[in-house]
Structures are given as C-alpha cells and as structure tokens.
Amino acid sequence: MKKVFNNTLLTALLAALTLTIFVPKQVQAEETLNIMAEAAILVDAESGKILYEKNAGTPLGVASMTKMMTEYLLFEAIEEGKVTWDQEYQVTDYAYQISQDMRLSNVPFREDGAYTIKEMYEAMAIFSANAATIGIAETIAGTESEFVRLMNEKAEEMGLEETVFVNSTGLSNSSLMGMHPEGTKEEDENIMPARSVAKLTKILLDDYPEVLETTKIPVMNFREGTADETRMENWNSMLPGLIYEYEGVDGLKTGSTDFAGYSFAGTAKRDNTRFIAVVMGAVDNEGAGSYKARFEATRALFDFGFGQFTTEEIIPAGYQFEGQETLAVEKGVEEEVAIAVKEPVSMMIRTADKELYQPELLLDDTVVQDSRLEAGVEKDLAVGTLELTKADGTEYGYLSGSENDVEVVTTEAVERAGWVSLSMRTAGGFLSSLWDDAGSFVKGLF
C-alpha cells in the first residue's frame with residue numbers, strides 16, 4: 001500500500017512539474033505580476049510596443065490624467081502662436097469659485113487676479129490644480145465648453161478609442177458647482193481605456209517632450225515670495241526625493257476621483273530605455289482604493305519592464321528568406337534578382353524569447369505579380385515588407401496597431417534585355433520544348 005501511495009505521489013509531482021515547465025512565458029509573467037488594479041498597461045515608449053496589459057481596452061474613469069490632453073492642446077496653441085507663456089489670464093467667476101474649493105487640488109485665485117499661462121501650467125502639471133486648468137482652457141478656446149469640443153476633436157485625430165471628454169480637468173462634473181460645460185450633464189465623467197491613456201501619453205512625449213521638464217519637479221512654490229504663495233508638492237510621489245521614489249521616473253500625471261479611483265500614467269527612463277505605465281483603479285490587498293496602491297502597481301510594471309526586457313536585433317540587414325531568396329524577372333538581362341531585408345530589425349523583447357520570433361515575407365502585389373518583376377529593375381526597389389510573429393502567440397501588439405514596416409528590397413539592378421536577346425531566348429525555349437517533346441515521343445516507342 002505504501003508503494004502504491006509513493007508511486008501516486010511521484011506521478012502527481014511529475015505532472016505538476018510538467019505543467020510548470022510548459023506554461024507559456026507570458027502567462028507566467030502575468031500571474032507573477034498580479035497588478036492590483038481595474039486596468040493596467042506597460043508600453044515601450046519608443047516603439048509603442050505593448051509589453052503587458054490587463055483589461056486595457058475597457059473605458060474607465062480617467063480623472064486628472066485628463067489634464068495630459070489639456071497640456072497637449074496648450075503646447076500646440078503656443079507652438080502655433082495663439083497663446084504665449086507670459087500671457088495673462090483674467091480670472092473668471094467660474095475659475096475663482098472652483099479655486100476656493102480646498103477639497104479639490106487647487107492653488108487659490110484672487111477674484112480680481114491675473115495669472116500668467118506659465119504659472120497656471122506649472123500649477124496644473126505639478127499640483128494638478130483644477131482652477132488653473134480651467135483658466136488655460138478658457139484662454140485657448142474662450143470657454144471650457146468650446147475647449148471640450150477641441151479635446152474630443154483631438155482625441156479622434158489621435159485615434160484614442162472609447163474616449164469621451166466632458167471637461168478639461170478630469171473632475172466629476174458634479175464637483176463643478178453646477179457650472180459644468182454646456183452640452184454636458186452634471187452626472188457625466190471623462191472616460192478612457194488604459195490603452196488610450198498610454199497612447200495619449202506617448203503622443204504627448206513624442207510631440208512635446210519638454211513637458212517632462214515641469215512634470216519632473218518634486219516641489220515648487222506657486223507665486224513664491226507673495227501673500228499668495230502656495231507650496232505645491234507633486235502628486236507623483238515616485239519622483240526623486242518623494243515618498244515612493246523610483247529611479248528614472250520623471251512624469252507624468254496622477255488622477256483620483258470617487259468615480260475613477262486612484263490612477264496614474266507614469267513614465268521612467270534608464271539609459272536609452274523609456275517605459276510608459278498606466279494604472280487605473282488601483283487597490284490594496286483588501287481591495288480598497290488607495291493613494292499608495294497606484295504607485296505600488298506602477299513600480300511592479302516598471303520592475304517588470306526594466307528587469308526583463310531589452311532592445312535586441314532580431315533580423316540583420318541583408319537577411320534573406322529561406323526558399324524566397326530571389327524573384328523572377330521578365331524580359332531582363334538576368335532571369336532573377338536577389339531580395340533581402342534592407343535595414344536591421346531591432347525590437348524590445350525578452351532576451352530569452354529572441355529565437356521565438358519568426359520572419360515572414362509579405363510581397364507587395366502592386367509591384368510583384370505572380371512572384372515576378374518586370375525588367376528593368378532598380379537596386380533597392382521595395383518589393384514587400386517583413387512581418388515578425390512570435391511562435392507562442394504571446395504578443396500584445398502596438399499602440400498604433402503594428403510595428404513600423406521593414407522594407408524588403410532588390411539587392412541589384414536588372415536591365416531590360418534587348419530584342420535580339422529576347423528573340424534568342426524565345427527561340428531557345430522553343431527548341432528546348434521541341435527536344436523535350438521528341439524525347440518523350442522516343443521514350444514512348446520503347
């Protein structure tokens with residue numbers, strides 16, 4: 001009986017070991033990561049490649065991460081000369097009343113005050129100041145209602161799916177004292193999925209990287225040296241010197257409301273690698289939303305990125321596809337031409353997964369017809385693209401749908417043959433055909 005028990009136990013242990021060995025790597029990573037949030041995503045900031053995601057396509061409350069769109073539209077307006085940093089904003093009754101609500105993140109405005117765009121931008125980017133954000137929106141568009149229209153228009157232009165903006169701040173409309181933008185309802189909320197938040201973050205960093213010069217400031221005093229001086233400690237507590245500091249973090253935007261919970265769109269850079277991490281509706285071990293939980297979840301994502309991913313060359317320049325090294329050339333001095341990958345292909349991957357990537361040739365049927373080219377063919381003629389697939393199928397894709405196209409080109413030129421050569425080639429083909437037919441006839445006689 002004891003022997004039977006031992007054999008049974010051994011069989012069970014071997015089965016468990018086998019399951020452990022053959023669980024796909026991405027599944028193991030997700031189970032180990034265990035991000036405590038409604039939604040999360042980790043992205044390579046350079047390529048937009050998604051390295052991890054959880055519920056990233058579900059629209060959720062976005063809270064003050066909304067302000068990244070306000071920042072984008074501000075930088076754009078300044079770039080276009082519509083607004084200047086030293087331009088002054090005269091406080092409206094709406095902005096004044098919101099600024100006096102200390103339950104919200106704010107720097108207090110004077111009722112008859114005037115504040116520069118730069119002052120309000122710093123208050124928005126560092127301290128998530130809501131009245132300052134409204135002031136920026138009113139400066140750019142005249143009213144917050146019109147600014148909201150611009151926000152949604154820009155979201156559509158950027159391809160931010162499932163995104164709806166109803167105000168410039170990310171506050172619940174119910175917190176705006178009945179002064180919410182025209183055309184919206186008091187119960188309305190700003191909504192975005194984590195994937196769209198990550199995409200907005202990447203576009204902001206790509207187009208206006210100078211935003212980080214402000215978002216990386218841990219502490220600043222608003223109107224320093226005046227009676228209105230207000231200490232602004234950055235809500236991003238992962239910055240150097242703050243309570244949850246993390247090496248390389250220099251932005252970007254936190255968010256929290258009763259509706260959205262605790263969220264954070266963060267970015268960190270070490271050496272030449274930058275990641276974007278978005279956490280929405282972060283919770284602690286008891287399942288309760290908390291200020292700390294969003295940073296712990298973000299830390300886990302960054303640790304995963306910096307600890308397991310590197311940029312590797314997957315395909316060298318000049319790579320040729322086995323069995324597809326050439327294309328036939330019609331009416332050329334040569335009957336075929338070699339094709340190869342033009343540039344090396346590098347990608348953010350787990351080093352251990354390098355051998356799992358398989359190259360596939362996708363021919364351009366507007367250039368290549370029936371695997372043939374028409375002479376003359378120029379060198380470096382693009383005949384198709386390279387597509388990489390991962391053998392175990394554990395890829396999430398890219399924020400913009402796919403990686404950049406990698407061209408496959410001809411490696412040499414093939415001129416068009418003269419009529420004499422073409423005639424001789426045709427005659428030779430005809431004689432060869434006759435010879436083959438004669439041979440078949442003779443063989444048939446015996």
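**Exercise 1. Which residues is Glu415 in contact with, leaving aside its neighbours within four places in sequence?**

The model is predicted: local features need pLDDT of at least 70, side-chain atom pairs count only at pLDDT 80 or more, and totals for chains, interfaces and linings use all residues. Residues are numbered from 1 along each chain as its sequence is written, and side-chain values use heavy atoms, with hydrogens and water left out.

Step 1. Place the residue. Glu415 sits in the loop between strand 19 (406-410) and helix 11 (419-445). Helices (H or I, at least four residues) and strands (E, at least two) are DSSP runs, numbered from the N terminus.

Step 2. List the partners. Contact means heavy atoms within 4.5 Å. Glu415 touches Lys331, Gly332, Val333, Ala375 and Gly376.

Step 3. Add a C-alpha distance. Val329 is 86 residues from Glu415 along the chain, and their C-alpha atoms are 9.7 Å apart.

**Exercise 2. Is Glu415 buried or exposed?**

Step 1. Take the cut-offs: buried is under 20% relative accessible area, exposed over 50%, partly exposed in between (1.4 Å probe, protein chains only).

Step 2. Apply them. Glu415 has 60% relative accessibility, so it counts as exposed.

**Exercise 3. Describe helix 8 by its span and burial.**

Step 1. Span. Helix 8 (residues 194-207) has 14 residues and reaches 20 Å from first C-alpha to last, close to the 20 Å expected at 1.5 Å a residue. The expected span is 1.5 Å times one less than the number of residues.

Step 2. Burial. Eleven of the 14 residues are buried, so helix 8 is largely enclosed by the rest of the structure. Among them are Val197, Leu200, Ile203 and Leu204. Lys199 and Lys202 are buried too.

**Exercise 4. How does helix 3 pack against helix 8 and helix 5?**

Step 1. Set the convention. Axes are lines fitted to C-alpha atoms, for helices over the stretch in contact, and angles run from 0 to 180 degrees between N-to-C directions. Under 35 degrees counts as roughly parallel, over 145 as roughly antiparallel.

Step 2. Take helix 8. Helix 3 (residues 67-79) packs on helix 8 at about 25°, with axes 10 Å apart. That makes the pair roughly parallel. The contact is made by Met68, Met69, Glu71, Tyr72 and Phe75 of helix 3 and Val197, Leu200, Thr201, Ile203, Leu204 and Asp207 of helix 8.

Step 3. Take helix 5 (residues 117-127). Its angle with helix 3 is about 155°, with axes 11 Å apart. The two are therefore roughly antiparallel. Helix 3 contributes Lys67, Thr70, Glu71, Leu74 and Phe75; helix 5 contributes Ile117, Tyr121, Met124 and Ala125.

Terms used
Parallel < 35°, antiparallel > 145°, perpendicular 65-115°, else oblique.
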